[in-house]
Amino acid sequence: MPAKDVVTPFVADAVPSILQRLRSETRDAHSAIEKTLALTDKTLTPGAYRQVLESFYGFYKPVEDVIGAAADTMPVWLDVAARRKTFLLEVDLQRLCPQGGHALPLCKALPPLRNVAQRLGCLYVLEGATLGGVLISRHIRENLGVFPETGGSFFHGYGPSTGAMWNDFRAGLLSFASVAPHEEALVIETARATFETLRHWCERGKDR
Ligand code: HEM
């Protein structure tokens, strides 16, 4: 008897969204920077915490300057000015080290930020850092006695608005990917490059 035709229902593989891809394709880079910074270790010292702030300042400042200068090229849903965080690093460093004032080194080997896709990939990393910031903020409060008002404003970030700011950013990324699907790979590539360049910069900072 001839075998019966088996009609296998066609199930399309679910295509991962840009958000799922960003998370999964940068997971290793996220773990690596988390390990380098060691900000939630029990052994975190005030000096090591300040060193991270100094390194972050040297990275965020030039990156935010480049993105800020290109703000009018960015999608309308993204309020570049409202997402700037360099000033929080300045405030924290001033509070922790009022006698400081010396010019901190600025990173020159930035991730590529030539176009909107690259700038969004980079911002994905800087915005996502506010999520870890919630845990870091609690850790430095409990272990170093540093509060948002006493040197912990950067990791306090958007405070109670952190979830909403993140969700708005994610919704914007989805809309960008829907109108420019060919740019998705570039966003992800730049997110990876951002994690890596920041991690290298912070590693060098430990030797300064
Ligand atoms: C050093 C300690 C860090 C810890 C403990 C930490 C922890 C976390 C946690 C718990 C989340 C998930 C939050 C959620 O899904 O609600 C998260 C997400 C994220 N973090 Fe971190 N983080 C750290 C550092 C960083 C840094 C330095 C960056 C970037 C500069 C970063 C970038 C991101 C990004 C982009 C996401 C979003 C992942 C996604 O697409 O869902 N994190 N982090």
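**Entry 1. A pair in helix 8**

I began with Glu203 and Arg199, which both lie in helix 8, four residues apart, or about one turn of the helix. The model I was reading is a predicted one. I looked up how the two side chains stand to each other and found that Glu203 and Arg199 meet in a salt bridge, at 3.3 Å from N to O. I then asked how far each partner is open to the outside. Glu203 is partly exposed, with a relative accessible area of 32%. Arg199, at 16% relative accessibility, counts as buried, because the limit for buried is under 20%.

**Entry 2. A network of charges**

I next followed salt bridges that share partners. Such bridges join Lys61, Glu64, Asp65 and Arg84 into one network. I noted the general background as well: side chains of opposite charge can pair when their charged atoms come close. For the protein I recorded a count of 11 salt bridges.

**Entry 3. A pair in helix 1**

I turned to Arg21 and Glu25, whose side chains meet in a salt bridge at 2.7 Å, N to O. Both residues belong to helix 1, where they stand four residues apart, about one turn of the helix. Arg21 has a relative accessible area of 24% and is partly exposed. Glu25 also counts as partly exposed, at 30% relative accessibility.

**Entry 4. A pair across the sequence**

I then examined Lys85 and Glu127. Their side chains form a salt bridge with an N to O distance of 2.6 Å. Which parts of the chain does this pair tie together? I found Lys85 in the loop between helix 3 and helix 4 and Glu127 in helix 5, so the salt bridge links parts that are 42 residues apart in sequence. I also checked accessibility: Lys85 is buried, and Glu127 is buried too.

**Entry 5. The overall fold**

I stepped back to the whole chain. The protein has eight helices and zero strands, and from the N terminus on its elements run α-α-α-α-α-α-α-α. I noted that the C-alpha trace spans about 90 × 40 × 35 Å along its principal axes. Of the 208 residues, 44% count as buried. I also looked up the contacts with a separation of 6 or more, and residues 24 or more positions apart account for 85% of them.

**Entry 6. The nonpolar core**

I asked which residues touch the most other members of the largest nonpolar core. Among its 52 residues, these are Phe56 and Phe155. The elements that give two or more residues to this core are helix 1 (18–25), helix 2 (27–37), helix 3 (46–69), helix 4 (86–96), helix 5 (116–144), helix 6 (153–156), helix 7 (162–179) and helix 8 (184–207). Helix 5 supplies the largest share of the core, 10 residues.

I then listed the neighbours of Phe155, leaving aside residues up to four places away in sequence. Phe155 touches Leu39, Tyr49, Val52, Leu53, Phe56, Gly133, Val134, Ile136 and Ser137. Phe56 thus appears again, as one of the residues in contact with Phe155.

**Entry 7. The iron atom**

I asked which residue of the protein is a donor to the iron atom of the ligand. His30 is the only protein donor, through its NE2 atom at 2.1 Å. I located His30 in helix 2.

**Entry 8. The largest pocket**

I met His30 again when I looked up the largest pocket, which has a volume of about 680 Å³. This pocket is lined by 28 residues, and those nearest its centre are His30, Gly128, Ala129, Gly132 and Phe195. The elements that give two or more residues to the lining are helix 1, helix 2, helix 3, helix 5, helix 7 and helix 8. Helix 5 provides the largest share of this lining, nine residues.

**Entry 9. The cavities**

I closed with the enclosed spaces. How many cavities of 30 Å³ or more are there? I recorded two. The largest cavity holds about 80 Å³ of space. Its lining consists of Glu64, Ile67, Gly68, Leu78, Val80, Arg83, Arg84, Lys85, Leu123, Leu126 and Glu127. Helix 3 and helix 5 are the elements that give two or more residues to this lining.

I noted that some names from my earlier entries return here. Lys85 and Glu127, whose side chains meet in a salt bridge, are among the residues that line the largest cavity. Glu64 and Arg84, which belong to the network of shared salt bridges, are also part of that lining.

Key. Residues numbered from 1 in each chain as written. Predicted model: local features only at pLDDT ≥ 70, side-chain atom pairs only at ≥ 80, totals over all residues. Heavy atoms only, no water. Core = buried A, V, L, I, M, F, W, Y, C linked by side-chain atoms within 4.5 Å. Buried < 20%, exposed > 50% of the residue type's maximum accessible area, 1.4 Å probe, protein only. Contact = heavy atoms within 4.5 Å. Donors = N, O, S within 2.8 Å, 3.2 Å for Na, K, Ca; no water. Salt bridge = Lys/Arg side-chain N within 4 Å of Asp/Glu carboxyl O. 1 Å grid on protein atoms, 1.4 Å probe; cavity = no way out; pocket = protein on both sides within 12 Å on 5 of 7 lines; lining within 4 Å. Points joined across faces, edges and corners; volume = space filled by probe spheres on them.
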